[in-house]
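Biologist: Please choose one part of this structure and examine it closely for a first-year student. Afterwards, set that part in the context of the whole chain.

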Amino acid sequence: MKIFDLIGTVPKVGSPLTVNDFEKLTKKASPYYQNENGKGKHYAVCPVCRNPIVIVNLYTDSSTIEGDSSPAPLHARHSQKTIVGIAEYDEAKYNECYLANPAVFSCTDRRMEGDVSNELLDLIINNAKIIRTMISSAIGLNVGDKLFESILNDFKSEQGHLYRFVNRYNLPYAIIYLMKNRSINYQYLKGEVGDKLKASINESFNKSIFISKNQIKRNDSSVSLNMFFTEHNRNKNTGEESLLMNVEKKEGSNSSIIFQHKIEFDTSLFINWINKDQRSSDIARKVFKK
Ligand SMILES: [Zn+2]
């Protein structure tokens, strides 16, 4: 994993694991820095299951990736035993932890309805605006009302909140991934991804689909521009995740992919954004004493 937490951190959001952040937050003190047989060891807490985690390659790069002789990048992994001062090892929680068992979006592994799945639904309902903005930036479209409703309906009909791979860190991306093949005709392009998509549309269509004032338009109803997502990947060592966005040109029964874009997950963005929103509200409430 590429995130860590301190002992008793509330809210449990996880900080991105970098040498700077680790040093600053732990203050380079015990129990995060320990000496074992004259060797410096570094520990923290898993933000998801609260079990102890070992920081690998904080200062050295002696650890290598399995089956590969090149050094592994800085990352953390579960210790699977109690680390004094950090946390007791809880095997049941470890087995439930998605960071411990990196799985791709296989959609076969389901969780029971309960606290976790309810929390995910609440997160969607209470932070729909943030989710919509994140999706829009990731896919290069200013997602319109109808498309947003369809995307949420797809997540609901797939019961996305019950999939093990879906968690509060990757929730907006999981919502994108579970979207069915959908038309993006009449959507507005947005940002850098939107610019690239625009170039592909201009190359691939002979005016049947075109861009006018940044909006995707068509003058032939037998032609359509559709979008779907594939290839969810999670790096076993670093925990980094990505998925592939595909844009498809449909003409009657013919279809071809005209644009692909790899979406890299920023797994701290969603929760950080929610917390910042909350802090802003708290400040305003305090100032105006409401
Ligand atoms: Zn964990």
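Modeller: Strand β5, residues 52-56, pairs with β6 in the antiparallel sense, and four bridges connect the two. What is shown here is a predicted model, and this pair of strands is a convenient place to begin reading it. Within the pair, V54 stands opposite R77 in β6. V54 also has a counterpart on its other strand partner, for Y43 stands opposite V54 in β5. The strands concerned there are β4 and β5, which run antiparallel and are joined by three bridges. A further pairing links β3 with strand β4, residues 39-45, again antiparallel and over four bridges. In that pairing, Q34 has K41 in β4 as its bridge partner.

Taken together, these pairings give an open sheet of four strands in the order β3-β4-β5-β6, with antiparallel pairing. Which strands stand at the edges of the sheet? They are β3 (33-36) and β6 (75-78); each has a single partner strand, so one side of each is left without a neighbour in the sheet. From one strand to the next, the twist averages 40°. As a general point, side chains in a regular strand alternate between the two faces of the sheet.

The connections between strands deserve equal attention. The hairpin of β3 and β4 has two residues between the strands, and there N37 takes a positive phi near 50°. The hairpin of β4 and β5 has six residues between the strands, and R50 takes a positive phi near 65°.

The loop that leads into the sheet has features of its own. P31 lies in the loop between α1 (19-26) and β3, and the peptide bond from S30 to P31 is cis, with omega near 5°. K27 belongs to the loop between α1 and β3, as does K28. Phi of K27 is positive, near 55°, although the residue is not glycine, and K28 likewise has a positive phi near 55°. Are these two lysines buried or exposed? K27 is exposed, because 10 other C-beta atoms lie within 10 Å of its own, and 12 or fewer counts as exposed. K28 also counts as exposed, because it has 11 C-beta neighbours inside 10 Å.

The wider chain can now be considered. It has eight helices and 14 strands, and it is divided into domain 1 (3-96) and domain 2 (115-270). The C-alpha centres of the two domains lie 34 Å apart, while the C-alpha trace as a whole spans about 75 × 60 × 35 Å along its principal axes. Of the 290 residues, 30% count as buried. Among the contacts with a separation of 6 or more, 60% are accounted for by residues 24 or more positions apart.

The largest nonpolar core has 60 residues, and A44, I135, A174, I175 and I176 are those with the most contacts inside it. Helix α6, residues 171-177, gives the most to this core, with six residues. At least three residues of the core come from each of domain 1 (3-96) and domain 2 (115-270). I175 is in contact with I131, I135, I151, F155 and G160, when neighbours within four places in sequence are left aside.

Two of those contacts of I175, I131 and I135, are buried residues of α4. Helix α4, residues 128-139, has twelve residues and reaches 16 Å from its first C-alpha to its last, close to the 16 Å expected. Its buried residues also include M134, A138 and I139. The helix is followed by G140, whose phi is positive, near 75°.

A last example is N185, found in the loop between β8 (182-183) and β9 (188-189). N185 is partly exposed because 16 other C-beta atoms lie within 10 Å, a number between the limits of 12 for exposed and 20 for buried. Leaving out residues up to four places away in sequence, N185 touches I216, R218, S224 and L225. By contrast, V116 is 69 residues from N185 along the chain, and their C-alpha atoms are separated by 36 Å.

Conventions
Residues numbered from 1 in each chain as written. Predicted model: local features only at pLDDT ≥ 70, side-chain atom pairs only at ≥ 80, totals over all residues. Domains from an automatic or database assignment. Pairing = 2+ DSSP bridges. Axes fitted to C-alpha atoms, helices over the stretch in contact; angles between N-to-C directions. Contact = placed C-beta atoms within 7 Å. Expected span 1.5 Å × (residues − 1). Core = buried A, V, L, I, M, F, W, Y, C linked by C-beta atoms within 7 Å.
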